[in-house]
Every structure is written in structure tokens, then in C-alpha cells.
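Good morning, and thank you for making time for this short presentation. I would ask everyone to have the sequence and the structure in view as I speak.

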Amino acid sequence: MSTLHFFKGHGTENDFVIVPDADGETDLSAAQVAALCDRRAGIGGDGVLRVVRSAKDPAAEHLAGEAEWFMDYRNGDGSIAEMCGNGVRVFARFLVERGLAEAGELRVATRGGVKTVTVSAEGPVTVDMGPARLPGSEGIGVDVEGRVRPATNVDMGNPHAVVFVEDLAQAGTLYTAPAVTPAGAYPHGVNVEFVVRRAPGHVAMRVHERGSGETRSCGTGACAVMVAAARADGAEPSVTGEPVTYTVDVPGGRLVITERVDGHIEMTGPAVIVAEGRVDLSRL
């Protein structure tokens, strides 16, 4: 395998290299993934979405009865991630545009479980991200301009530390991962979201994604931010019996996040396929 067929897509400018591999014949190393995602010497992307039938991948064959397709997601540095909210929307859009699935409701297997995605023929894509978990935030903090601020610990199938600030510039450059305390709180790394309030039910965020650095958007991060903001505002749909919706602005656009009464988080936003091509892996 020297020539790789690929597509390029994005959701609120969180961009991905998409690798069709229906029968599970493509084995990309971490180094090859990182090379593909390199924005100067490769194609460029925040991560790689490998499109493979669940039955053809050992990581997802146990889910084949629930979802035909598995999103094998890799971060920009080649590491494996459990889930990617923007990625799963782009993945579903790709399936529909390539005739691999019908528009409407479809199910996608991920390392974070099976996700139900609703894809219109055109326009936004909605994904049921499942319920958020709040494992407990006592003692969790993020260094903001040399001062540790309390953070909300939210698990969306992958870990997030959400910290509220007065100005998004306080996040700094985000070239490197923000310092999170205590040191062993997240042994496998964590996504860190910096959040400001715009209006009731409306927030804006920046994010450092583990394995990718600062990205223009993070779907699971936006969901984690919505849950953290709702709890800070005293809203908990499973208790009040009323769903709650927040608008979350990211550098690459806007996402609308709803927490339902059953605890499931629904995320709605754009998903666009923008390019198709071939790349010689030996030249990366």
C-alpha cells in the first residue's frame, strides 16, 4: 500500500482526513496518521477517520449487529481516541454522500459505543452523543495564567476538564497541553475547554484536544461545556423534567447542544465533505 485514496471533510472547521477501508485492509501506523495530518508536509487535519465495516475490524466486530460501519478515529499525532463528536457527523455525512447509507437515522459504531446520527439530505447533522458522566470534580484544576482555577470533570466517552474564564485569550496559545492538577487526575490525557458566557444559554469556548493541540472545534468538548454550564446554572433535565439547550460558539462556527430529560446529549451542527484525492504514502 503506497497510494492511499482519501477524502477531506470538516465539522465547524474541525477537519479530518477520511480513509475509505470497507473491508479492513488498510493498516495505518501512528506515524503515517501523523504524516497525513501534517499541515505542511501532508494533507492536513485534526485527525483521521477510517471508514470500515464493523464486522471487519477487531475493535468493533462485537458491535456489528448494532451498526454496519465503524469510525476508527485517530488523533492528529496518531494516537487512538474513544470518540469525536464532529468526526462522527462528518463520518455519517460521508456514508450518505457515497451511497453507503441512506439519509435519515443511522447508527455508527465508535470506541465510545454506538451513536445514533440523523443526516438530512442537506444541512445540519444531529448526533445522539449519549449521556454525560460527571465522575466528580473535587480537586480538579486548570492553570490559567499562572493561577489554578477549579474545573468541571465531564466524561463524554472521552475525558474533559472545563474551566470558566473572563476572556478566551486567557487560554494562551494552547500550543501545548494546559497544566491540569492533580498530576495523575487524567492518566491518559484530557481535553481542556476554556469557556466564557455570552448570554443566558449561550457560551463560547476554545479547546486543547489531547493528541491534536488547539482545534477549531471539538464536538465532545462542546457537549461537555454545555453540561458544565447547565449544572453551574442549576439546570439538570433528569431532575427538572425539562430539556435544556445551549448554543456553543467555537472558533470554527456554532453548535447547538440539547440535554434531554433521559440524560442523552444531542449535538447539531454542519458536516461537509470538501475534497477527494490520492496520496503516495512513501512521500510523506
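I begin with Phe7, which is buried, with a relative accessible area of 4%. Please keep in mind throughout that this is a predicted model.

The partner of Phe7 brings us to the aromatic rings. How many aromatic pairs does the structure hold? There are two aromatic pairs. One of them joins Phe7 and Phe94 in an edge-to-face arrangement, with 4.9 Å from centre to centre and 65° between the planes. Phe7 belongs to strand E1, residues 3–11, and Phe94 to helix H2, so this pair ties together parts that lie 87 residues apart in sequence. Phe94 is buried as well, at a relative accessible area of 2%.

The rings of Phe16 and Tyr73 also form a pair; their centres are 5.9 Å apart and their planes stand at 75°, so this pair is edge-to-face. Here too, distant parts of the chain are linked: Phe16 sits in strand E2, residues 14–20, and Tyr73 in strand E4, with their positions 57 residues apart. Phe16 and Tyr73 are both buried.

Let me stay for a moment with helix H2, the home of Phe94. Does its length fit expectation, or depart from it? At 1.5 Å a residue, the 13 residues of H2 should span 18 Å, and the C-alpha atoms at its ends are 19 Å apart, which agrees. H2 is mostly covered, as 12 of its 13 residues are buried. Among them are Gly85, Asn86 and Gly87, together with Arg89, Arg93 and Val96. In general, an α-helix has 3.6 residues a turn, so residues three or four places apart point the same way. After H2 comes Gly99, whose phi is positive, near 75°.

I turn now to the annotated positions. Which residues carry the feature "active site" in UniProt? The record, an unreviewed entry, places it at Cys84 and Cys218. These residues are spread over 135 residues of sequence, yet they cluster in space, with a largest C-alpha distance of 7.4 Å. The lining of the largest cavity includes both Cys84 and Cys218.

Let us take each cysteine in turn. Cys84 is in the loop between strand E4, residues 69–75, and helix H2, residues 85–97. With a relative accessibility of 4%, Cys84 counts as buried. Beyond its neighbours within four places in sequence, Cys84 is in contact with Asn14, Phe16, Met71, Tyr73 and Thr220. Two of these, Phe16 and Tyr73, are the residues whose rings we have just seen paired edge-to-face.

Cys218 is in another loop, between strand E15, residues 213–215, and helix H3, residues 219–232. Is Cys218 buried or exposed? Its relative accessible area is 2%, and under 20% counts as buried, so Cys218 is buried. Neighbours within four places in sequence aside, the contacts of Cys218 include Asn14, Asn86, His160 and Glu193. Asn14 thus appears in the contacts of Cys84 and in those of Cys218.

Next, I would like to consider some charged side chains. Asp72 lies in strand E4, and its relative accessible area of 2% makes it buried. The side chain of Asp72 makes a polar contact of 2.9 Å with that of Arg74, and another polar contact, of 2.8 Å, joins it to the side chain of Arg111. Leaving aside neighbours within four places in sequence, Asp72 is in contact with Val48, Leu49, Arg50 and Arg111.

Arg50 also leads us to Asp21, since a polar contact of 2.6 Å joins the side chains of Asp21 and Arg50. Asp21 is found in the loop between E2 and helix H1, residues 30–37. At 6% relative accessibility, Asp21 counts as buried. Not counting residues up to four places away in sequence, Asp21 touches Thr26, Arg50, Val51, Val52 and Arg53.

Finally, where is Glu145 placed? Glu145 is in the loop between strand E8, residues 141–144, and strand E9, residues 147–150. Glu145 counts as exposed, at 59% relative accessibility. A polar contact of 3.4 Å joins its side chain to that of Gln170. The C-alpha atoms of Glu145 and Ala171 are separated by 7.6 Å, although these residues are 26 residues apart along the chain.

That concludes my presentation, and I thank you for your attention.

Methods
Residues are numbered from 1 along each chain as its sequence is written. This is a predicted model: local features need pLDDT of at least 70, side-chain atom pairs count only at pLDDT 80 or more; totals for chains, interfaces and linings use all residues. Side-chain values use heavy atoms; hydrogens and water are left out. UniProt positions are given in the numbering used here, feature names are shortened, and annotations may be inferred rather than shown by experiment. On a 1 Å grid over the protein atoms alone, a cavity is a set of points where a 1.4 Å probe fits but cannot get out, and a pocket is an open set with protein on both sides within 12 Å along at least five of seven lines; lining residues have an atom within 4 Å of a point. Helices (H or I, at least four residues) and strands (E, at least two) are DSSP runs, numbered from the N terminus. Buried means under 20% relative accessible area, exposed over 50%, partly exposed in between (1.4 Å probe, protein chains only). Contact means heavy atoms within 4.5 Å. Rings of Phe, Tyr and Trp (its six-membered ring) pair if their centres lie within 6.5 Å; planes under 30 degrees apart count as stacked, over 60 as edge-to-face and the rest as tilted. The expected span of a helix is 1.5 Å times one less than its number of residues. A polar contact is a pair of N or O atoms within 3.5 Å; within protein, one must be able to donate a hydrogen and the other to accept it, and residues adjacent in sequence count only if both atoms are side-chain atoms.
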